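Subject: Structure handover

Hello,

Here is the structure for your files. My notes come after it.

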Amino acid sequence: MKFQIENFVADIKGFLHDDMSDKEFFNFCQQNPDLKLERDYNKQIYIMAPTGFYTGSYSADINGGLYIWNKKSKAGKIFDSSTGFTLPDGAVFSPDTAWISNAKMSLLTEEEKTKFAPVCPDFIVELKSKSDNLKQLKNKMLQWIENGASLAWLINPENKMVSVYRADNSVEIIQSFTNKLSGENVLPGFELDLQILQ
């Protein structure tokens, strides 16, 4: 089957249908490793564009800082943008950066870890690229929190804004990249200096 969106054409392997089970969706993704796919709680499948130059660089900087913090704290595991997670509402999302505490990790079986693990990360970062729809990203951030994320950052390098989403459903807007973001009580001692994203 061929799949076309605007000027994008891809040879798709496997059978794509509306009500795919988690196993079928996982297998479909494995058969099509060149596509980055996500699925919302309505089982609507989205093809994600590859990361652009700046977004990829920013993501690497954030992951690098988080890696250094986590290596010292040994408090959990870090995941990059190619990792899919099956959320409690059935959505399968891949954030730009994710971190899961050892406590949550210990609840997963070895079998679950071989697929899109049924777990919501404690901490996630989404970076808005030029091709992303801001309204959709904001809705996605709310879904992360509703599904169990304790802290989520939506970073918009274009207008140098960060939206910090917390488990208590509060949202803080930071309108400058001169500040440092705190990992708060989720990632104690972790800070991201936003100046590295300028």
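The notes below cover confidence, the pockets and one arginine.

This is a predicted model, in which local features need pLDDT of at least 70, side-chain atom pairs count only at pLDDT 80 or more, and totals for chains, interfaces and linings use all residues. Residues are numbered from 1 along each chain as its sequence is written, and side-chain values use heavy atoms, with hydrogens and water left out.

The mean pLDDT (the predictor's confidence in each residue, from 0 to 100) is 89 for the protein, and 92% of the residues score at least 70.

Pockets were found on a 1 Å grid over the protein atoms alone, as open sets of points where a 1.4 Å probe fits, with protein on both sides within 12 Å along at least five of seven lines; lining residues have an atom within 4 Å of a point. The largest pocket has a volume (the space filled by probe spheres set on the points) of about 1,000 Å³. It is lined by 32 residues, with Tyr46, Ile47, Met48, Ala49 and Asp132 closest to its centre.

The second largest pocket holds about 220 Å³. Its lining has 14 residues, and those nearest the centre are Cys29, Leu35, Lys36, Leu37 and Ser82.

Arg166 counts as buried (under 20% relative accessible area, 1.4 Å probe, protein chains only) because its relative accessibility is 19%. Outside its neighbours within four places in sequence, Arg166 is in contact (heavy atoms within 4.5 Å) with Ile145, Ser150, Leu151, Glu172 and Glu184.

Regards

Key. Buried means under 20% relative accessible area, exposed over 50%, partly exposed in between (1.4 Å probe, protein chains only).
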